[in-house]
Amino acid sequence: MPINELRSITTFAKTAELGSLRRAAAAQKITPQAASQALAQLEQFLGVRLFHRTTRSMTLTEDGRRFLEAAEPALAGLQRAMMAV
């Protein structure tokens with residue numbers, strides 16, 4: 001099953017920023033189930049766990065932290081490009 005990489009990466013970054021999958025889903029105006037599926041697909045695609053999950057919080061794994069650091073500049077560039085149009 002192909003994944004929508006941009007949505008998955010955006011959901012990942014928003015979850016890392018807000019510390020909650022439910023809040024990230026609300027911020028993106030998608031269902032929590034869709035956000036959860038996007039993260040699961042991204043983790044499967046990358047072959048790593050990106051978050052330590054508990055019932056109360058989500059914190060980045062070391063792999064998740066490295067991926068976020070690498071992805072943030074690209075996401076910021078895309079956001080600037082969209083605002084410039």
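Here are some questions and answers about this predicted model.

Q: What pattern of helices and strands does the protein chain follow along the sequence?
A: Start with the tally: the protein chain has 4 helices and 2 strands. Put those elements in sequence order, and the pattern reads α-α-α-β-β-α.

Q: Which radius of gyration does the protein chain have, and what would a compact globule have?
A: Along the principal axes, the C-alpha trace spans about 40 × 25 × 25 Å. For 85 residues, a compact globule would come out near 12 Å. The protein chain agrees with that, because its own radius of gyration is 12 Å.

Q: How much of the exposed area of the protein chain do carbon and sulfur atoms supply?
A: Burial first: 28% of the 85 residues count as buried. The protein chain exposes about 5,800 Å². Of that area, the share from carbon and sulfur atoms is 57%.

Q: Which element gives the most residues to the largest nonpolar core?
A: The core holds 12 residues in all, including F12, L21, I30, L39, F51 and L68. Three elements give two or more residues to it: α1 (5–18), α2 (21–28) and α3 (32–46). The top contributor, with 3 residues, is α3.

Q: Which residues does A25 touch, leaving aside those up to four places away in sequence?
A: A25 is one of the residues in the largest nonpolar core, and so are I30 and A35. Contact here means heavy atoms within 4.5 Å. With residues up to four places away set aside, the partners of A25 are I30, T31, P32 and A35.

Q: Is S8 buried or exposed?
A: S8 sits in helix α1. Its C-alpha atom is separated by 11 Å from that of Q44, 36 residues apart along the chain. The cut-off for burial is under 20% relative accessible area. S8 has just 1%, so it counts as buried.

Q: What is the phi of K29 near, and where does K29 sit?
A: Most residues other than glycine have a negative phi. K29 isn't glycine, yet its phi is positive, near 60 degrees. As for its place, K29 is in the loop between α2 and α3.

Q: Is K29 buried or exposed?
A: The cut-off for exposed is over 50% relative accessible area. K29 has 75%, so it counts as exposed.

Q: How far apart are the centres of the positive and negative side chains?
A: The protein chain carries 11 positive and 7 negative side chains. Take the centre of each set, and the two lie apart by 9 Å.

Notes
Residues numbered from 1 in each chain as written. Predicted model: local features only at pLDDT ≥ 70, side-chain atom pairs only at ≥ 80, totals over all residues. Heavy atoms only, no water. Rg over C-alpha atoms; globule rule 2.2 N^0.38 Å. Buried < 20%, exposed > 50% of the residue type's maximum accessible area, 1.4 Å probe, protein only. Areas by Shrake-Rupley, 256 points an atom, 1.4 Å probe, with all protein chains shown as cover. Lys, Arg positive; Asp, Glu negative; His and termini not counted. Charge placed at Lys NZ, Arg CZ, Asp CG, Glu CD. Core = buried A, V, L, I, M, F, W, Y, C linked by side-chain atoms within 4.5 Å.
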